[in-house]
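Student: Walk me through this structure. I want the reason behind each label.

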Amino acid sequence: MRNLINFIVKYHFFFIFLALQVVAFIILIQNSYYHRSFWMNSSNYITGSLYTRYTNIGEYFQLKNINEQLSRENHNLIKQIPYSFLKTDQQIFTHRDTLYRRQYTYINARVINNSVNRRNNYLTLNKGRSHGIKPDMGVITSQGVIGIVKDVSANFSSALSLLHADTRISAKIMKNDHLGTILWDAPDYRTVIMEHIPPHVDVKLGDTIITSGHSKIFPEGIHIGTVSNYEIRRGESFITLKVELFEDFNNLTYVHVVKNLYRQEQEELEEQAETEPMFW
Amino acid sequence: MQKSTLSYIGLFVIVVLIQVFVLNQINISGYINPFFYVFFILILPFDIPRYILLILAFVLGLTIDVFSDTAGMHASATVLMAFLRPGVINTTSIKKEFESGSYPGLNNMDTSWVITYSFILILCHHTFLFFLETFSFSEFFTTLWRSVLSSLVTFVFVMIGFFFEGRPKRKK
C-alpha cells in the first residue's frame with residue numbers, strides 16, 4: 001500500500017494529467033450524445049448575457065443589411081396581399097374558410113453567437129424557455145434553413161447549425177419532388193451536399209432545393225439553395241448534389257424559430273403505431 | 001523578471017476575452033481559427049508546480065469550452081499541451097537552472113528558443129484539437145492542413161504577445 005502511494009506521489013504529474021484527460025473526455029462524450037448540461041454551453045446565464053451585450057454593439061454595423069433584407073421581405077409580402085391582385089371574376093362571394101388551419105407559428109429571435117469556421121458549428125439565440133422555445137424546434141430565415149434548437153435555458157437557447165456534422169435535413173428537388181438528405185461537408189460554409197438521389201432523376205444545375213416537410217421540424221417548401229454541381233461518387237449508386245446555400249451563414253442576425261402546433265399529436269400517433277403489436 | 005499572482009489572473013481574463021470576443025468572431029479564409037489563449041500556458045513561470053500547471057490548463061480550456069460550445073475539447077487539448085510543456089523546456093533549452101519566478105519571454109531567453117518552444121507546443125495543441133473536433137480520420141489531410149495553418153496564425157499572435165510582455169535585451 002505504501003509503495004503504491006509512493007508510486008502515485010512520485011508520478012503525480014502523469015496521474016493528474018490522466019485524470020484531467022478522463023474528465024475532459026467524459027464531458028465531451030456526455031455532451032455529444034445527450035442533451036448538454038445546463039452550465040456547459042453558451043446558453044447559460046453568464047455567457048448568454050455577455051454575448052447579448054457584445055451583439056448589441058456589433059449589431060449597429062449590420063443595420064444596413066438588415067434593412068435591405070426587411071424591405072425585400074416586405075416586398076414579397078405586399079405582393080401576396082389580396083388588393084394587389086386584379087379581380088377577373090365578377091361574381092364575388094365570401095365564405096368562412098375551414099380548409100386551412102394553422103400548423104406552424106414562428107417566434108422571432110436574434111442570433112447572439114454564431115460560427116462558421118469549425119467542423120461543428122452552433123448558434124446561440126436570445127430567446128428561451130420563457131418565450132416558448134423547446135428543444136428540437138427548427139430555425140429558419142426568409143432565405144433558408146438555419147438549424148435545429150438543441151438546448152434551452154430560461155432566456156437563451158443554443159441550436160445546432162446546418163453546418164454541423166450531426167445535422168441531417170430531409171429535402172427535395174422543387175420541380176420533381178425527389179427526396180434526399182442535406183448534410184454539410186466541411187469546410188466551405190456556402191455549400192452543403194444532398195445525398196441519396198437515385199440516378200434516373202433529372203437534375204440540372206440551378207434547380208432549387210426545398211425542405212420536404214417529412215420531418216416534424218420544418219414546414220414544407222422552405223428554400224435551401226440551388227444545385228451547383230452533381231456527381232456519382234465512386235462506389236456509390238446514388239447521385240450526390242452540391243447545393244449552394246441562399247443564406248450567408250457568416251452574416252446571420254434575425255431568425256424565426258418554427259413551432260409545430262400539431263407536433264404532439266403526430267408524435268403520439270407515430271409512437272403508437274410503432275409500439276402496438278400487430279396481428280395480421 | 002517576475003510576475004505577481006494578480007497579474008497572472010489579469011492575464012487569464014484578458015486572454016479569454018480576446019479569444020472569445022475577437023478571435024472567435026473573425027473568420028480568416030473560411031477555416032482558419034487561431035487560438036491565442038494558449039499564450040497563457042506558454043508564459044507561466046518555469047518553476048510552477050506541475051500539478052498547478054495542469055489544473056490551470058484544465059480551467060482555462062474549460063472556460064473557452066463554455067464560451068464556444070465545444071464541451072471538453074479545449075480542456076483536453078490544453079491539458080495535453082501543459083503536460084508536454086516541461087518536457088519541451090528540458091529538451092530544447094540549454095540552460096537547466098532558472099531563477100525562481102522567471103518565465104519564458106523574449107527578455108530573458110533567446111529569441112530562437114522562444115520561437116521553437118512556442119511553435120512546438122502550439123502545433124501539438126492545434127493538431128490534437130482539430131482531430132478531436134473532427135473525430136475521424138476520413139478528412140485527414142483537410143484537418144491536418146487546417147491545424148498547420150491555424151498554428152501559424154496563432155504563432156504570429158503569440159509572438160506579438162511575447163513582444164508586448166518584454167522586449168529582447170541587448171547582450172553586453
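Tutor: Start with chain B, which comes to six helices and zero strands. Its elements run α-α-α-α-α-α from the N terminus on. Keep in mind that this is a predicted model.

Student: How much of chain B is buried, and what makes a residue buried?

Tutor: Buried residues make up 54% of its 172 residues. The label requires under 20% relative accessible area.

Student: What makes Phe35(B) and Phe130(B) an aromatic pair, and which kind is it?

Tutor: The structure holds 21 aromatic pairs over all chains. In the pair of Phe35(B) and Phe130(B), the rings sit 6.1 Å apart, centre to centre, with 50 degrees between the planes. The limit for a pair is 6.5 Å between centres, so 6.1 Å qualifies. Stacked needs under 30 degrees and edge-to-face over 60, so 50 degrees is tilted.

Student: Which parts of the chain does this pair link?

Tutor: Phe35(B) is in the loop between helix 1 (5-23) and helix 2 (39-42) of chain B. Phe130(B) is in helix 5 (residues 111-134) of chain B. The two are 95 residues apart, and the pair links distant parts of the chain. Both Phe35(B) and Phe130(B) are buried.

Student: Why is the pair of Phe39(B) and Phe162(B) called edge-to-face?

Tutor: Its planes are 80 degrees apart, and the label needs over 60, so the pair is edge-to-face. The centres are 5.2 Å apart. This pair too links distant parts of the chain: Phe39(B) in helix 2 and Phe162(B) in helix 6 (residues 140-165) of chain B, 123 residues apart. Both Phe39(B) and Phe162(B) are buried.

Student: Which residues form the aromatic cluster?

Tutor: Phe7(A), Tyr11(A), Phe13(A), Phe14(A), Phe15(A), Phe17(A) and Phe83(B) form one cluster.

Student: Which residues make the nonpolar surface patch?

Tutor: Met1(A), Leu4(A), Ile5(A), Phe7(A), Ile8(A), Val9(A), Tyr11(A), Phe14(A), Phe15(A) and Leu18(A) make a patch of about 960 Å². Helix 1 (2-10) and helix 2 (12-33) of chain A each supply at least two residues. The largest share, five residues, comes from helix 1 of chain A.

Student: How do you know that Met1(A) is exposed?

Tutor: Its relative accessible area is 75%, and exposed means over 50%, so Met1(A) is exposed. Met1(A) is in the segment before helix 1 of chain A.

Student: Which residues gather in the patch of negative charge?

Tutor: Glu265(A), Glu268(A), Glu271(A) and Glu274(A) gather there, on the surface. Glu274(A), in helix 5 (residues 263-275) of chain A, has 71% relative accessibility. Exposed starts over 50%, so Glu274(A) counts as exposed.

Student: What makes Lys64(A) and Glu68(A) a salt bridge?

Tutor: Their closest N and O atoms are 3.8 Å apart. The limit is 4 Å, so the contact counts. Both residues lie in helix 4 (residues 63-80) of chain A, four residues apart, about one turn of the helix. Lys64(A) is exposed at 62%; Glu68(A) is partly exposed at 39%. A search of the whole structure finds eleven salt bridges over all chains.

Student: How do you know that Lys175(A) and Asp207(A) form a salt bridge?

Tutor: Their N to O distance is 3.0 Å, and the limit is 4 Å, so the label holds. Lys175(A) lies in the loop between strand 6 and strand 7, and Asp207(A) in the loop between strand 8 (191-197) and strand 9 (208-211) of chain A, so the pair ties together parts that are 32 residues apart in sequence.

Student: Why is Asp207(A) called buried?

Tutor: Its relative accessible area is 11%, and buried means under 20%, so the label follows. Its partner Lys175(A) is partly exposed at 45%.

Student: Which residues join these in a network?

Tutor: Asp202(A) forms a salt bridge with Lys204(A), the closest N and O atoms being 3.4 Å apart. Salt bridges that share partners join Lys175(A), Asp202(A), Lys204(A) and Asp207(A) into one network.

Student: What is the phi of Asp136(A), and what of Asp177(A)?

Tutor: Asp136(A) has a positive phi of about 70 degrees although it is not a glycine. Asp177(A), also not a glycine, has a positive phi of about 60 degrees. Asp136(A) is in the loop between strand 2 (122-125) and strand 3 (138-141) of chain A, and Asp177(A) in the loop between strand 6 (169-173) and strand 7 (179-183).

Terms used. Residues are numbered from 1 along each chain as its sequence is written. Chains are lettered from A and ligands numbered from 1 in the order in which they are written. This is a predicted model: local features need pLDDT of at least 70, side-chain atom pairs count only at pLDDT 80 or more; totals for chains, interfaces and linings use all residues. Side-chain values use heavy atoms; hydrogens and water are left out. Patches are made of residues with over 30% relative accessible area and no salt bridge: like charges are joined within 9 Å, nonpolar side chains (Val, Leu, Ile, Met, Phe, Trp, Tyr) within 5 Å. Accessible areas come from the Shrake-Rupley method with a 1.4 Å probe; for residues, only the protein chains shown count as cover. A salt bridge is a side-chain nitrogen of Lys or Arg within 4 Å of a carboxyl oxygen of Asp or Glu. Lys and Arg count as positive and Asp and Glu as negative; His and the chain ends are not counted. The place of a charge is taken as NZ of Lys, CZ of Arg, CG of Asp or CD of Glu. Buried means under 20% relative accessible area, exposed over 50%, partly exposed in between (1.4 Å probe, protein chains only). Rings of Phe, Tyr and Trp (its six-membered ring) pair if their centres lie within 6.5 Å; planes under 30 degrees apart count as stacked, over 60 as edge-to-face and the rest as tilted.
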